[in-house]
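Q: Hi, I'm new to this one and would like a walk through how it is put together. Could you show it to me?

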Amino acid sequence: MDQSESIARRAFDAVAAAEKASNLEELNRVVRPVFESLGFQVYAGVDAVDAAGKRDVHVLFGKTHDPWEARYNEAGHAANDAMIREMLSSTDAMFWSDVQHRRIVAPAELQIMNEARQFGLSNGFMTPLHNIDGSISAVLLMGESVDTADPDLRAAAHLLSVYYGGIGRKLRRETLHPAKMRPKLTKRQTECLLWVRAGKSSSDIGDILGISAAMVNEHVAAACQRLGVRTRIQAVAEAALHGLIEL
C-alpha cells in the first residue's frame, strides 16, 4: 500500500468508526490519531458567524490549543480573521496559506497568522459548514508541521473534517436536546442524495431517474432544507449520520 492509499484508508476507517461514536469523548478518541498523523494537533468544531452575520467564534467540541484560544479571544482576532472573511463568501475548505496565494492579505490578518506561528501553529485548515439559518460553523485544524502541498493530505483532512463536524454537531444536539426527532426525506430526495454520494452530477442523476436536472436540484435543495444544511455534500453527510442513507 503506497502513502496515498494509506492516508485515504486511515481517513475512511476513521469516518466509519466515528459514525459509531455514542458521545463526543468517544468521537474525539477516534479522530485524534488520524488528525495527528496528518500533522494537526488542534481539531475542533466551532461556531464562527451567527445568523445575523456577526463574527462570534467559540469552540463547540474537540481539542483546542488553550493558550492560543485565550490570546485569540483576548485580542478580538475574530474581527480580522482572514479565514472567517473567506468563509463569508465561500464553502471551500482551505489552508491558511491558500488565502495568501488567493489575494493580498491585510496587515491585521497577517498579524493573526504570525501570532499563531509564535504559539507553534504554523498552518491551519478550515472547512466551512454553512447552516440553513445563515450562520456559519466550521471545523478548524491547526498544527506545527503540515504538508500543505500533499493533495492526499488535503483530501483526507477535508473528508474527515466534514464528517467530524457533522457527527460532532449531531452528538452535541442529542446531548442538549435528547428528544429531538430525526429528519425525514422523501423517496426521491433519498434517491438523489444516494447518487450525489456516488459522485453523479444533476444531469447524470436526471438521466438515471428519468427527470430533469432542474428537478434533481429541487429535490436536493429540499433535502438540504430538511437536514438543516446548505450544500449537497453536507446533505449527504448529514443524511448518513441520521441513518437515512448508507455510506
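A: What follows covers the sheet, the helices that pack on it and one pair of helices.

A: This is a predicted model, in which local features need pLDDT of at least 70, side-chain atom pairs count only at pLDDT 80 or more, and totals for chains, interfaces and linings use all residues. Residues are numbered from 1 along each chain as its sequence is written, and side-chain values use heavy atoms, leaving out hydrogens and water.

Q: OK, what is the strand order in the sheet?
A: The open sheet of 5 strands runs β2-β1-β5-β4-β3, with antiparallel pairing; strands are DSSP E runs of at least two residues, and helices are H or I runs of at least four, numbered from the N terminus. Two strands pair if DSSP finds at least two bridges between them.

Q: And which are the edge strands?
A: They are β2 (55-63) and β3 (94-95), each pairing on one side only. β3 pairs with β4 (residues 123-130) over 2 bridges, and Met94 has Met126 in β4 as its bridge partner.

Q: Which strands does helix α7 touch?
A: Helix α7 (residues 151-176) packs on the sheet and touches β1, β2, β3, β4 and β5, where contact means heavy atoms within 4.5 Å.

Q: Switching topic, how do α9 and α10 cross?
A: The axes of α9 (residues 202-209) and α10 (residues 213-227) come within 8 Å and cross at roughly 100°; axes are lines fitted to C-alpha atoms, for helices over the stretch in contact, with angles from 0 to 180 degrees between N-to-C directions. The two helices are therefore roughly perpendicular, a label for angles of 65 to 115 degrees.

Q: Which residues meet there?
A: Ser202, Ser203, Ile205 and Gly206 in α9 meet Ala213, Val216 and Asn217 in α10.

Definitions and conventions
Parallel < 35°, antiparallel > 145°, perpendicular 65-115°, else oblique.
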